[in-house]
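Me: I am new to this structure and would like to know what the descriptions of it rest on. Please take me through the reasoning step by step.

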Amino acid sequence: MFHLFLHVLVPAVIALSFFKSKWRLAFIVMMLTMVIDIDHLLATPIYDPLRCSMGFHPLHTWPFVILYGALAVYPKTRIVGVGLLIHMALDSIDCKVNLGIWMM
């Protein structure tokens, strides 16, 4: 439950801290990046508390993380990229805390 709370709190703090003039838009866009978890629907079972999503789900693999980093570089896609990178970082931290690994 704390992990899910962080998926709201961290984007809110980032939006307020780094996107001051458009923090509402930044927060909403970063919340919309959570749709990235749609790839969890490809797994059986859909949710497994003992599974690390990083490296397991297709949109949570290194090639996509690199793509999200590239999105964060360009001003027009920066908020989307930052939101996706926050999501990947939080999922990776969750894996480390719960399973002792950063990525599968």
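Reply: The model is a predicted one. Its secondary structure amounts to four helices and zero strands, and along the sequence the pattern reads α-α-α-α.

Me: What makes the protein as compact as a globular protein of that length?

Reply: Its radius of gyration is 14 Å, and the globule rule gives 13 Å for 104 residues. The two values are close, so the protein counts as being as compact as a globular protein of that length. As for extent, the C-alpha atoms fill a box of roughly 40 × 25 × 25 Å along the principal axes.

Me: Why are α2 and α4 called oblique to each other?

Reply: Helix α2 covers residues 23-32 and helix α4 covers residues 78-99; their axes cross at roughly 50 degrees. Angles under 35 degrees count as roughly parallel and those from 65 to 115 as roughly perpendicular. The crossing of α2 and α4 fits neither class, and the pair is therefore oblique. The two axes come within 8 Å, and the crossing is right-handed.

Me: Which residues bring α2 and α4 into contact?

Reply: From α2 they are A26, V29 and M30, and these meet I79, V80, V82, G83 and I86 of α4. By class, this contact has seven nonpolar residues, one polar and no charged.

Me: How do you know which residue of the contact between α2 and α4 is the polar one?

Reply: Gly is counted among the polar residues, while Ala, Val, Ile and Met are counted as nonpolar. G83 in α4 is therefore the polar residue of this contact.

Me: What describes the packing of α1 and α4?

Reply: Their axes lie 10 Å apart and the helices pack at an angle of about 145 degrees. The crossing is right-handed. H3, L6, H7, V10, P11 and I14 of α1 meet V82, I86, H87, L90, D91 and D94 of α4. These residues divide into seven nonpolar, three polar and two charged.

Me: What makes the pair H3 and D91 a polar contact?

Reply: The side chains of H3 and D91 are joined at 3.0 Å, and the cut-off for a pair of N or O atoms is 3.5 Å. The distance is within that cut-off, so the pair counts as a polar contact. H3 lies in helix α1, residues 2-18. Leaving aside residues up to four places away in sequence, H3 touches L90, D91 and D94.

Me: Which way does α3 cross α4, left-handed or right-handed?

Reply: α3 passes α4 in a left-handed crossing. The axes of α3 and α4 come within 6 Å and cross at roughly 145 degrees. On the α3 side the contact has V65, Y68, G69, L71, A72 and V73; on the α4 side it has R78, V80, G81, V82, L84, L85 and M88. Ten of the residues in this contact are nonpolar, two are polar and one is charged.

Me: Where is there a cis peptide bond, and what is its omega?

Reply: The peptide bond from T44 to P45 is cis, with omega near -5 degrees. Most peptide bonds are trans. P45 is in the loop between α2 and α3.

Methods
Residues numbered from 1 in each chain as written. Predicted model: local features only at pLDDT ≥ 70, side-chain atom pairs only at ≥ 80, totals over all residues. Heavy atoms only, no water. Axes fitted to C-alpha atoms, helices over the stretch in contact; angles between N-to-C directions. Helix = DSSP H or I, 4+ residues; strand = E, 2+ residues; numbered from the N terminus. Parallel < 35°, antiparallel > 145°, perpendicular 65-115°, else oblique. Left-handed = near helix turned anticlockwise from the far one by under 90°. Contact = heavy atoms within 4.5 Å. Polar contact = N/O pair within 3.5 Å; in protein donor to acceptor, adjacent residues only side chain to side chain. Rg over C-alpha atoms; globule rule 2.2 N^0.38 Å.
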